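Colleague: I'm new to reading structures, and I'd love a close look at a single part of this one. Could you pick a spot where helices meet and take me through it slowly?

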Amino acid sequence: LPSQPEFTAPPAAGMDVWKAGLAARIRSVCAVPERANIEPDEFGSVRAENVTVHRVYLSPEKGIIVPVLSAAKGDISHGPAVLIVSPRSKLLTLDSPFAHRLLSKGLRVCAADLRGTGESAAGDFEIATDLWMLGRTLPGDWIADIDCVTRWLKTQPGVTGVCLAGERGMGETVLLAAACTPEIDRVIAEAPMESYRSLISHEVRQPASIYLPGVLKYFDIPGLVSAIAPRPCVLSGNLDRERAFDDLVQ
């Protein structure tokens, strides 16, 4: 590992330049695909128990489809949206206690099947290692998917902001996405690592999607959190705990 001093945030006068540079490094290290135009395919909506669910397909790059579900309770015309990023399918995500509590508070809730999850589910290890051989990374593809869904949400009538909520296993991904996606207004990450160094300092097997070859040459978790500021950022131990939920609502 390279020898690095403790992270120190740059002076306020140079923060914007530093953030732009970090965003460029994240996109380079993660091999994030170029942004594509938002061309959603709408598939209508269904209503059950006072909850309306819209289904849409988005394409973050040519040949890639990301299925999305957006739910709201009652007739919401104005308010924030929460995009829950989960390794589970969008259906299981929207049916979770966390999503139900968000809906009960009058928030729009959105879930998507990122590449390799839900409708395109496959082995995490196989996908991640295959992408490495192609010069790409799974976190980079997920950042592109999250970026596309976030920009689509911003175009929806009445949406005043987008909060990214990363469940366990996606905590690092949402921090990466928020650091290089200005359209994300706030973020909550469940149980992220405190440093990429922990991948080798502890005998714990992590999902292959967390590993980024060479990442510590360029940035670490504390730098990502600093780059998100002044946007609100909550690092939570468990999204099902009431305290973490209250932090997110606030």
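Modeller: Sure! First, some vocabulary: a helix here is a DSSP run of H or I with at least four residues, a strand is a run of E with at least two, and both are numbered from the N terminus. Also keep in mind that this model is predicted. To try out the naming, take Glu49, which sits in the loop between β1 (41-48) and β2 (51-58). Its phi is near 50°, a positive value in a residue other than glycine. Glu49 is exposed, because its relative accessible area is 78% and the cut-off for exposed is over 50%.

Now for the spot itself: helix α4, residues 124-133, and its partner α5. Helix α5 covers residues 138-154. The two axes come within 8 Å and cross at roughly 95°. That angle is why we call α4 roughly perpendicular to α5. On the α4 side, the contact is made by Asp124, Ile127 and Leu131, while α5 brings Leu138, Asp141 and Trp142. Sort those residues by class and you get 4 nonpolar, no polar and 2 charged.

Which residues of α4 are buried? They are Ile127, Ala128, Thr129 and Leu131. So Ile127 and Leu131 turn up on both lists, as buried residues and as part of the contact with α5. Here's a handy rule: an α-helix has 3.6 residues a turn, so residues three or four places apart point the same way. And what covers the buried residues of α4 includes α5. Just after α4 comes Gly135, with a positive phi of about 80°.

Let's zoom in on one residue from the other helix, Asp141 in α5. Is Asp141 buried or exposed? Asp141 is buried, because its relative accessibility is 5%, and anything under 20% counts as buried. If you skip residues up to four places away in sequence, Asp141 touches Pro33, Glu61, Arg115, Leu131 and Arg136. Notice Leu131 there: that's one of the α4 residues in the helix contact.

Before you go, here are two more loops to click on. Ala191 lies in the loop between β7 (186-190) and α7 (198-201), and its phi is also positive, near 50°. With 29% relative accessibility, Ala191 counts as partly exposed. Then find Pro230, in the loop between α8 (221-228) and β8 (233-236). A cis peptide bond joins Ala229 to Pro230, with omega at about 5°.

Technical notes. Residues numbered from 1 in each chain as written. Predicted model: local features only at pLDDT ≥ 70, side-chain atom pairs only at ≥ 80, totals over all residues. Heavy atoms only, no water. Buried < 20%, exposed > 50% of the residue type's maximum accessible area, 1.4 Å probe, protein only. Contact = heavy atoms within 4.5 Å. Axes fitted to C-alpha atoms, helices over the stretch in contact; angles between N-to-C directions. Parallel < 35°, antiparallel > 145°, perpendicular 65-115°, else oblique. Nonpolar A, V, L, I, M, F, W, Y, C, P; charged D, E, K, R; others polar.
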